[in-house]
Amino acid sequence: MIEAPRGTHDVLPSDQPLWQRVTAEMERLCALYGYRRIQTPVFEAVELFQRTSGEGSDIVQKEMYVFEDRGGRRFALRPEGTAPICRAYVEHGLHREPQPVKLYTLATMYRYDKPQRGRYREHWQLSVESIGSADPATDAEVIHLYDTLLRTLGVRRYELQLNSIGDRECRPAYLERLNAWLDGHADVLDAEARRKRETSPLRVFDVKTPSVRAALADAPKIGEALCDACAEHFAQVRAYLDAYGVRYTIAPTLVRGLDYYTRTTWEFVGPDASTQASTISAGGRYDGLIEEIGGPPTPGVGFGAGIERLVLSLQLEGIGAEAPALDVFVALDGAPREDALRLLAELRAAGVAADTDYAGRSLRGQLTQAQRSGARDTIILRPDTAVLRRRGERDIEVARSEILERVAR
RNA sequence: GUGGCGGUAGCUCAGCUGGUAGAGCCCCGGGUUGUGGUCCCGGUGGUCGUGGGUUCGAAUCCCAUCCGCCACCCCA
C-alpha cells in the first residue's frame, strides 16, 4: 500500500467546500485591496533562501528540501513565499512599475519538519507582499487585510501580537547591550539559552525555562531600544492600526525566525492557542531583502498565512461550508439509456447542473442517490413519459419536450 | 532530530490474562411507504500498518520499521 509521503496530505472532496470558502475569500479581499496575483516556481536556487532567510535560520539549517537536478544545479523546494516573490520583482523589473507593487500568491510551501497536527512538510500559504514603499501605512494595510479575512470568515478567538525589531541602525547597538546583559547574567542561562545566544541572540527570549524567563524580564528589549526613525515608524503603524480598528497586543519579545525582517514584525495566534501550531499567520517588514538578492535598495512588507491552520481554526469555531448541490438528477425507470444521456446534455448545455446513475442502481437506489446529490429536481424517465419530482412538491407528469423549461431557473 | 502514546472494515471503535475477527455508521439489494425520509430484512467489504521473532497456535507477547498524535524544537 503506497501512502502519501510523510507530512503531506490530501485535501479530499469533503474538505473542499471549506477550502473553497477560505481561498475564495482570500482572493476576493486581495483584489479588493488592490493586490495582484503572482505565481512563482515550486523550486528555486538554494542560494535565494540561504541568503535571505539567513544561514543560521532553522529553515536553512535543517528544514529545506534540497536537491540537485540532472544538470548538477542545486535547488530547494520553496520553504517560504517572500523571497521568491522578491526575486521575481527584481528579475522582471517590477521596480519600474508604480510603487508599491502589491502582490499575492496562493502556493504550497515545503519544510522538513517533524509532522504534527497543523504542521506539515507540504502546506498551503497565502503570501501577501507590498513592495517598494517604506510607508507605515503599508504595514498597517497588510495586517488589516488579514484581520479582515479572519473577521469575514467568522473567526472570533484570535490575537495579533505586534513588535518592532529595529533595523541596521539600531539593532547592532541593541545587540551589544543585550550581550552585555547576558554576559552579566551568565549564571542564569541554561544550555538552551546559551545555544540560542550562539545562533541568534534575539532568540534567547524564546526560551521556555521559567527561571530563565523570569531573569530575562529585566533584560533590555529591542522595542525599548529603537532608533528614532524606527520608533517613529512603529508609532505610525500603531496609529494606523488604531485607525483601521485593528486590535493588537504589543509583544516586546516577539522575534521571527528569518534574518530578513526589519522593524515591524507580527503574528496572528488562532483559536487553538494551546497547541504548538497556534500561529495562523506571521509577517513583517523586510527593507533589506531586495538589495540582498541583487536588486536596488527597496523596502517591503508582507506576511504568510497558513491555509490548513486557518481551516482548522474555522472548524474549531464551528464554521463549516455547504457542498455545492446538483440542480437535477435524472433517473431511469424503463426508458432507454440514450434518453437520459440526451437529456443530460441538454440540461448541462443550458447551464443546469445535472447527473444520473452510473452504478446500475435500482430505481429505489437511484432516488436515494438523487436525494444525496442535493438536487432540487428529479426527472424519472419512463418508456413514454417523464415524472418531475421537485423537493417538497407533488409529482407531476411532464412531456419530454417541456422538461428543460420546467427545470431551468 | 529527541522523547511519550497509538495504528483492527471506507469511518468510529470492541476484541480481558495468546486459541484462527465483531458492532454501529456507510455502501448495495429487498419489504413497508406518498417511488427519495422513517422502520424492518438481507448482503458486499478486513494481508488486524509492514517485516521478522517466540509459540502447537499471535490482532493479542518481543524486536525492527512505516505512518499518525502529543511534548520538545520550530514555525504557517
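Is E44 buried or exposed? E44 is buried, at a relative accessible area of 6%. I start with that residue since much of the first part of this talk comes back to it. What you have in front of you is a predicted model, and everything I say refers to that model.

E44 has a partner, R87. The two form a salt bridge, and their closest N and O atoms are 2.4 Å apart. In sequence the pair is 43 residues apart, with R87 in helix α4 and E44 in strand β2, so the bridge links distant parts of the chain. R87 has a relative accessibility of 18%. The cut-off for buried is under 20%, so R87 counts as buried.

Now to the helix that carries R87. Helix α4 runs over residues 82-91 and is mostly covered, with nine of its ten residues buried. Besides R87, the buried residues are T82, A83, P84, I85, C86, A88, Y89 and V90. What lies over them? The cover of the buried residues of α4 includes two strands further along the chain, β5 (101-110) and β6 (122-131). It also includes β2 (43-45), α2 (46-53) and α10 (289-292). Strand β2 therefore appears twice here: as part of the cover of α4, and as the place where E44 sits, a residue that is itself buried. Just after α4, the backbone at G93 takes a positive phi of about 65°.

On to the other salt bridges. The count for the model comes to 23. I will take two further examples.

One is R151 with D147, where the closest N and O atoms are 3.0 Å apart. Both residues belong to helix α5, residues 136-153, and because they are four residues apart there, about one helical turn separates them. Their accessibilities are as follows: R151 is partly exposed, at 37%, whereas D147 is buried, at 3%.

The other example is D357 with R361, whose side chains meet at 2.6 Å, N to O. D357 is buried, with a relative accessibility of 7%, and R361 is partly exposed, at 30%. Some salt bridges share partners, and E44, R87 and E91 are joined in this way into one network.

Next, the overall layout. How is chain A divided into domains? The domain assignment gives domain 1 as 16-170 + 226-316, and domain 2 as 328-407. Taken over C-alpha atoms, the centres of domain 1 and domain 2 are 49 Å apart.

That brings me to the RNA. How many residues surround RNA strand B? There are 42, and the closest of them are R203, R256, T279, R382 and R389. By residue type, the surface near the strand consists of 20 charged, 16 polar and six nonpolar residues. On the RNA side, 55% of the strand B atoms within 4 Å of the protein belong to sugar or phosphate, and the rest belong to bases.

Three individual polar pairs are worth listing. The side chain of R6 has an N or O atom 2.9 Å from a phosphate oxygen of RNA strand B. K114 has a polar side-chain atom 3.0 Å from a base oxygen of the strand. For H123, an N or O atom of the side chain is 3.4 Å from a base nitrogen of the strand. As for elements, those that give two or more residues to this surface are α3 (58-63), β6, α7 (191-199), β10 (279-285), β11 (300-306) and α13 (363-373). The largest share comes from α13, with seven residues. Strand β6, listed here, is also among the elements that cover α4.

My last stop is R400. This residue is found in the loop between β16 (396-398) and α14 (403-407), and at 30% relative accessibility it counts as partly exposed. What does R400 touch, leaving aside its neighbours within four places in sequence? R400 is in contact with A335, D339, L381, R382, P383, T385 and A386. With D339 there is a polar contact between the two side chains, at 2.8 Å. One of the other contacts, R382, is also among the residues closest to RNA strand B. Finally, R400 and L343 are 57 residues apart in sequence, while their C-alpha atoms are 8.8 Å apart in space.

That is the end of my part.

Notes:
Residues are numbered from 1 along each chain as its sequence is written. Chains are lettered from A and ligands numbered from 1 in the order in which they are written. This is a predicted model: local features need pLDDT of at least 70, side-chain atom pairs count only at pLDDT 80 or more; totals for chains, interfaces and linings use all residues. Side-chain values use heavy atoms; hydrogens and water are left out. Buried means under 20% relative accessible area, exposed over 50%, partly exposed in between (1.4 Å probe, protein chains only). Contact means heavy atoms within 4.5 Å. A salt bridge is a side-chain nitrogen of Lys or Arg within 4 Å of a carboxyl oxygen of Asp or Glu. Domain bounds come from an automatic or database domain assignment. A residue is near a molecule or strand if one of its heavy atoms lies within 4 Å of it. A polar contact is a pair of N or O atoms within 3.5 Å; within protein, one must be able to donate a hydrogen and the other to accept it, and residues adjacent in sequence count only if both atoms are side-chain atoms. Ala, Val, Leu, Ile, Met, Phe, Trp, Tyr, Cys and Pro count as nonpolar, Asp, Glu, Lys and Arg as charged, and the others, Gly among them, as polar.
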